Amino acid sequence: MIVNNAASRRWKNRLALCVMVAMVLASLVPLVSLSWTLVSKGIGAVNWQFFYHLPLATPRGVGNAILGSALVLLVATLVAVPVGLLVGLYLAHFAQDRMAGPTRSLLDVMSGIPAIVVGMFIYSVVVQHFGFSALAGGLSLSMIMLPIFARTTEEAIKAIPPTVNEAGLALGLPRRRVIMRIVLRSAMPAVLTGFFLAVARVGGEAAPLLFTAFGSNSWPSHSVKDIVTFKPLTEQVASLPQIIYEYAKDPRPEVVSLAWGASLLLVGMILTIRLGTNMYIRYRYGKGGA
Amino acid sequence: MSTVSNNFAGSLVNRSAAAPSGAVSRLSATNIVAGFGEHTVLKGVSLTISSQAVTAIMGPSGCGKSTFIRCLNRLHEEIPRAWMKGTVMLDGQDICDPQIDPVAVRRKIGMVFQRPNPFPTFSIYDNVAVGLRLNGMKRRADLDERVEKSLRHAALWDEVQDRLDRPGTSLSGGQQQRLCIARALAVDPEILLLDEPCSALDPVGTERIEELLIQLKKEYTIVMVTHNIQQAGRIADRTVFLLMGELIEQGATADIFTSPKDPRTEAFISGRFG
Amino acid sequence: MTAAALSQTRTIERKTARGGPPAPGPRQNTGDRLFFILLRSAALLPVLLILVFLTVLGWGAWPSIKTFGWAFLWSANWDPTDGREDYGALAFILGTLFSSLFALAIAAPVGIGVATFLNEVFTPRLRGLMAFLIEILATIPSIVYGVWAFFVMVPWVEATVIPAAHWIFGPKFFLFRGTNGFSLFSGGLVLAVMILPVIVSISLDSIRAVPCTYREAALGLGATRWEMIRLAVWPPARSGMLGACILALGRAMGETMAITMVIGNAQSIQWSLFGPANSIASAIALQFGEATGLMQAALIELALVLFVMTLLVNLAARALVSRLAGAKGVLA
């Protein structure tokens, strides 16, 4: 027997849709609130001096933290990119080799290690023997970056049709040249996207830096020009995420305002990297890329 | 490698018909058995390829045409679980010898694939130049010259000379395929393998490629796989018919088309199966 | 075939166990072989790194493991006073579990609801906009969420949520005892906001993977949109959505900076949502800097416990999500 329950079913349908609309709106509340607070409280702290003054100077600035973040990210990139590229190439091209399975699983394990535990690990291995340094901070970030970058590289290379590889081999080129100069270049848009995603991800990390780069209220005593000798990298440095943590809890409102300014700057930089990457890739390689 | 031992290469061939007069054979395959894993695709194919001529390899889908020409430049072995037995003699040398570097083999034997596959993110210029660059050619003037020559050879120069820095993938399908031919020609091979080069193209693109192949056979030895009987009839000097991994019949195209010896060849040509 | 031809026959066969692009055989040229060795040794690095990681943490935690044994896991006493040092992890373990499960309890229904709505009801344009906003939510660093929660969310919880809960359930109801904004509730809430993008994007992938014919079949039977969702969309997407939730749980458990700033950092077990609590990550962040000796070892053991917890959760999530093609991008 067929019961005519069309009305109740229609009401149920409406109710469910209303609940889902409410969920969509609710999920936007934090974003709206956060953006509003960030801009309204942060914009006041940002002026020209903000970018190159020290936190204790007048007016206050976060110049040393910007520099520190750059140094730490530089180290992380120098370590994670070459290794990540090689590992990604290996996983994509020798997927059936004996080592590929274990490597892939352990990369997944690595990406699951909480950032704070990574910081503790680098503290035990590096800091306990050599002290706090930008180098240690960069190493801890590279440990977070490596699995992300290696896996996105692997996916990027796997997305290149095998005929590209074959066409290269058919030209009479050795396999290594085909891989490094043709396949890798064909996959470059997606590899670059993966790289910038990884940078955006670790650029905001504070937890692994607490016990490694530590923090500082002044410029590195070695000039950045000495970077070729690695000296500036052996000093402890401030970084944007770390000073936000530090200053947000300060009782002085002008220091807290500095934290808001730094937050605004950090979010701005990370969003620029992410959105900028997407736009650049689309512009440079057309819709086919990434 | 030299061309001294042509006769030696010829002497190994047992089942093939003689090459047309005036052309010497430099490439011959003997008793090729090949497959993937448990599956055998080619069951002992022997064939001598005539120089400076177009040899068409025909047959229904799955007969092993593609596998056969991929054995000729050892690209077959790049496929997972692939294996092959037999000998392929090029200028008197067995290129299937495990001691021979396949890289050297492939430099002499160029290949064009079923679907146009220009390197993505490479410009038209770079697509042609990359093989030269990676083989050590550095001077811009040399590269320019060779790129132009290859593109002219592939009858593409007039269409692309003013946009060499555009991506290769921005061209039409037929142009892309000619770009792939130019890319193969740039590294100066002696033999050109084409694996159903027109199957992904429209009739106009197909016609351009066919005209081009007729031009190219003056300088190159061309082996072309096709499932298109009319195409073989139009441009091939010699035609080979494969069925279920076995060579059924081969000979001058005119003979094969007018008086096939094997009833299966006749059935295929008259379109009764395939 | 003649005997001569047979003797000519050589076999070229790659020695690969299960197929796939072959490992270089003997006829590969030297450069290619070196290249392969280079790649392979790079691939060994993650393996070595994890071994070193476990060794170092195990070594560092050893004094604590030796002193407290298994009791470390179920003692809730955390006393760093000299002379009567005693460390137990239970308060932190429970704090981590409670805060992340609470976060999941909020974020899972909302996330799945949003993903469903995006794919089944929204127009493509709005869907793109919403996906963009969710991506921004995923991009904001943990520490910025922490500062926002510290200055905006906690005062709101104190001024609005706690009085409301007390008004409805009475101040004596066991879950809602206490009036502290720096609490399990705030910690869980900020975690919920942070894991929402993970749940939305992976659920969206699994919902997208449901073939359109299912939906058409349901609609063809005269189902309303909601009935279609319940009958034809959710059941096939279930394992992917579950995987998304478990993965998000793993994220929440390892999350540090945001939760440190709002959870209250008490050293004892907290059963009420409105009382200060602590999580493992937060305890490490706050105490590891000054810790020495046995306390340092105890904190390292705490880190090991957290690592094992997140590992188990991630393994479970991966087992579920890997059934779903196309979700790999979000896992990174």
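A residue counts as buried here if 20 or more other C-beta atoms lie within 10 Å of its own, as exposed if 12 or fewer do, and as partly exposed in between, with C-beta atoms placed from the backbone. By that yardstick, 45% of the 332 residues of chain C are buried, and for chain A the figure is 54% of 290 residues. You're looking at a predicted model, where local features need pLDDT of at least 70, side-chain atom pairs count only at pLDDT 80 or more, and totals for chains, interfaces and linings use all residues. Residues are numbered from 1 along each chain as its sequence is written, while chains are lettered from A and ligands numbered from 1 in the order in which they are written.

**Chain A on its own**
- Chain A has 11 helices and zero strands (helices are DSSP runs of H or I with at least four residues, strands are runs of E with at least two, and both are numbered from the N terminus).
- Its radius of gyration is 24 Å, well over the 19 Å that the globule rule gives for 290 residues, so chain A is more spread out than a compact globule. That radius is taken over C-alpha atoms, and the rule is 2.2 Å times the number of residues to the power 0.38.
- Along the principal axes, the C-alpha atoms of chain A fill a box of roughly 75 × 70 × 40 Å.
- Take contacts in chain A between residues at least 6 apart in sequence: 76% of them join residues at least 24 apart. Two residues are in contact if their C-beta atoms, placed from the backbone, lie within 7 Å.

**Chain C on its own**
- Chain C has 13 helices and three strands.
- For contacts in chain C between residues at least 6 apart in sequence, 76% join residues at least 24 apart.

**Where A meets C**
- On the chain A side 73 residues are in contact with 69 residues of chain C.
- Several helices of chain A each supply at least two residues to that side, including H3 (63-93), H6 (134-158) and H11 (253-285). H1(A) gives the most, with 19 residues.
- By class, this side of chain A has 49 nonpolar, 13 polar and 11 charged residues. Nonpolar covers Ala, Val, Leu, Ile, Met, Phe, Trp, Tyr, Cys and Pro; charged covers Asp, Glu, Lys and Arg; the others, Gly among them, are polar.

**One helix crossing**
- The axes of H1(A) and H6(C), residues 142-169, come within 10 Å and cross at roughly 100 degrees.
- H1(A) and H6(C) are therefore roughly perpendicular to each other (65 to 115 degrees).
- A:Ser33, A:Leu34 and A:Thr37 meet C:Trp148, C:Phe151 and C:Val152 at this crossing. That makes four nonpolar, two polar and no charged residues.

**The nonpolar core**
- The largest nonpolar core holds 275 residues. Such a core is a set of buried Ala, Val, Leu, Ile, Met, Phe, Trp, Tyr and Cys residues joined through C-beta atoms within 7 Å.
- Among the members that touch the most others are A:Ile244 and C:Ile199.
- Not counting residues up to four places away in sequence, A:Ile244 touches residues of both chains, including A:Ala259, A:Leu266, C:Ile143 and C:Val147.
- C:Ile199 sits in H7(C), residues 184-208. C:Ile199 is buried, with 28 other C-beta atoms within 10 Å.
- Leaving aside neighbours within four places in sequence, the contacts of C:Ile199 include C:Ala107, C:Gly111, C:Cys245 and C:Ala248.

Definitions and conventions
Axes fitted to C-alpha atoms, helices over the stretch in contact; angles between N-to-C directions. Parallel < 35°, antiparallel > 145°, perpendicular 65-115°, else oblique.
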